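Hi there,

Here is the structure I promised to pass on. Have a look at it first, and my notes follow underneath.

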Amino acid sequence: MSEIKTVGVIGAGVMGGGIAQSLAQAGYRVICTDIASEALETARNDAEQDRFGLAGAVAREKLGADEADAARERITWSDSFEQAADSDLVIECVPEKLDVKLAVFRSLDEAAPDHTILASNTSGFPIAAMAGATRRPSRVIGWHWASPAFVMKFAEIVVTETTDEAVRDRVMACATKCGKNPVVVRDNPLEWGFVANRIYFAMLREASRVVDEGVATHAEVNDLMVDCFRW
């Protein structure tokens, strides 16, 4: 299986735009697309001027001016779904609505070359459902990012029973090149969320119980969790 060189990003929201910037800074050619021209323009501006954008990285001496220029050149902001689909890896970043995601995966399966890996940035919908919407389930995987995408090292790589090992390895290598710490977890279609969100929401449920029982106030729970766990 060939090395990933080009990446399509479907959806130019906060996550999609940040993911596109992160990939471009790592050296990948990126095509980021959205059905809304306003979203594309906002993503382009954020990649340049946001606190974590390219200009900000140069100002903070986290990135050289030449490196920032090269990253800008590697990103194409496009309204063409087909252009983004024609990549080695495509990352879906559309809103968290399962019917929308399934429709995107069906369309990607039609538009993308046979070798293309299809990944979802979903926070918790089953990857198996998206794989089942395609004729290439072995090439479908989850890559859950955290915001801001360029800063956070989080990379939850979600595999199904049918995900090809070579696909997993290529995506992990891509995540590592982006400066992430990829951890592979297994898809569980019977539960919403993978590892990070399941544990996070369990913590929130227990914190609410503590407050409801009168053990501590919201503010006191916050102070304790910050002081003990830095949450």
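To start with a small puzzle: which kind of contact do the side chains of Glu41 and Arg44 make? They meet in a salt bridge, with 3.7 Å from N to O. Please keep in mind as you read on that this is a predicted model.

**Salt bridges**

Glu41 and Arg44 both sit in helix α2, which covers residues 37–49. They are three residues apart, about one turn of the helix. Is each of them buried or exposed, or something in between? Glu41 has a relative accessibility of 39%, so it counts as partly exposed, because that class lies between the 20% limit for buried and the 50% limit for exposed. Arg44 also comes to 39% and therefore counts as partly exposed.

Helix α2 contributes to another pair as well: Glu48 forms a salt bridge with Arg72, and their closest N and O atoms are 2.5 Å apart. This pair links distant parts of the chain, since Glu48 belongs to helix α2 and Arg72 to helix α4 (residues 65–74), 24 residues apart. Arg72 is partly exposed, at 29% relative accessibility.

A further salt bridge joins Glu110 and Arg135, with 3.3 Å between the closest N and O atoms. Here too distant parts of the chain are linked: Glu110 is in helix α6 (residues 98–111), while Arg135 is in the loop between α7 (127–132) and β6 (140–145), and the two are 25 residues apart. Salt bridges with shared partners join Asp109, Glu110, Arg135 and Arg136 into one network. Both Glu110 and Arg135 are exposed. The count for the model comes to eleven salt bridges. As general background, side chains of opposite charge can pair when their charged atoms come close.

**Strand β4 and its neighbours**

Next, have a look at strand β4, residues 89–92. In a regular strand the side chains alternate between the two faces of the sheet. In β4 both faces are covered: Leu89 and Ile91 are buried on one side, and Val90 and Glu92 are buried on the other.

Which strands does β4 pair with? One is strand β1 (residues 6–10), paired with β4 in the parallel sense over four bridges. In that pairing, Gly8 stands opposite Val90. Another is strand β5 (residues 117–120), again in the parallel sense over four bridges. There, Glu92 has Ser120 as its bridge partner. With α6 included, β4, α6 and β5 make a right-handed β-α-β unit.

**Helix α1**

Helix α1 runs over residues 14–25, and its twelve residues should span 16 Å at 1.5 Å a residue. The C-alpha atoms at its ends are 17 Å apart, which agrees. This helix is mostly covered, with ten of its twelve residues buried. Among the buried residues are Gly16, Gly17, Gly18, Ile19 and Leu23. Just after α1 comes Gly27, which takes a positive phi of about 105°.

**A nonpolar patch**

Finally, which residues form a nonpolar patch on the surface? They are Trp192, Tyr200, Phe201 and Leu204, and together they have about 380 Å² of accessible area. Leu204 lies in helix α9, residues 196–212. With a relative accessible area of 34%, Leu204 is partly exposed.

Happy browsing, and best wishes!

Definitions and conventions: Residues are numbered from 1 along each chain as its sequence is written. This is a predicted model: local features need pLDDT of at least 70, side-chain atom pairs count only at pLDDT 80 or more; totals for chains, interfaces and linings use all residues. Side-chain values use heavy atoms; hydrogens and water are left out. A salt bridge is a side-chain nitrogen of Lys or Arg within 4 Å of a carboxyl oxygen of Asp or Glu. Buried means under 20% relative accessible area, exposed over 50%, partly exposed in between (1.4 Å probe, protein chains only). Two strands pair if DSSP finds at least two bridges between them. A crossover is right-handed if, with the strands pointing away from the viewer, the path from the first strand over the helix to the second runs clockwise. The expected span of a helix is 1.5 Å times one less than its number of residues. Patches are made of residues with over 30% relative accessible area and no salt bridge: like charges are joined within 9 Å, nonpolar side chains (Val, Leu, Ile, Met, Phe, Trp, Tyr) within 5 Å. Accessible areas come from the Shrake-Rupley method with a 1.4 Å probe; for residues, only the protein chains shown count as cover.
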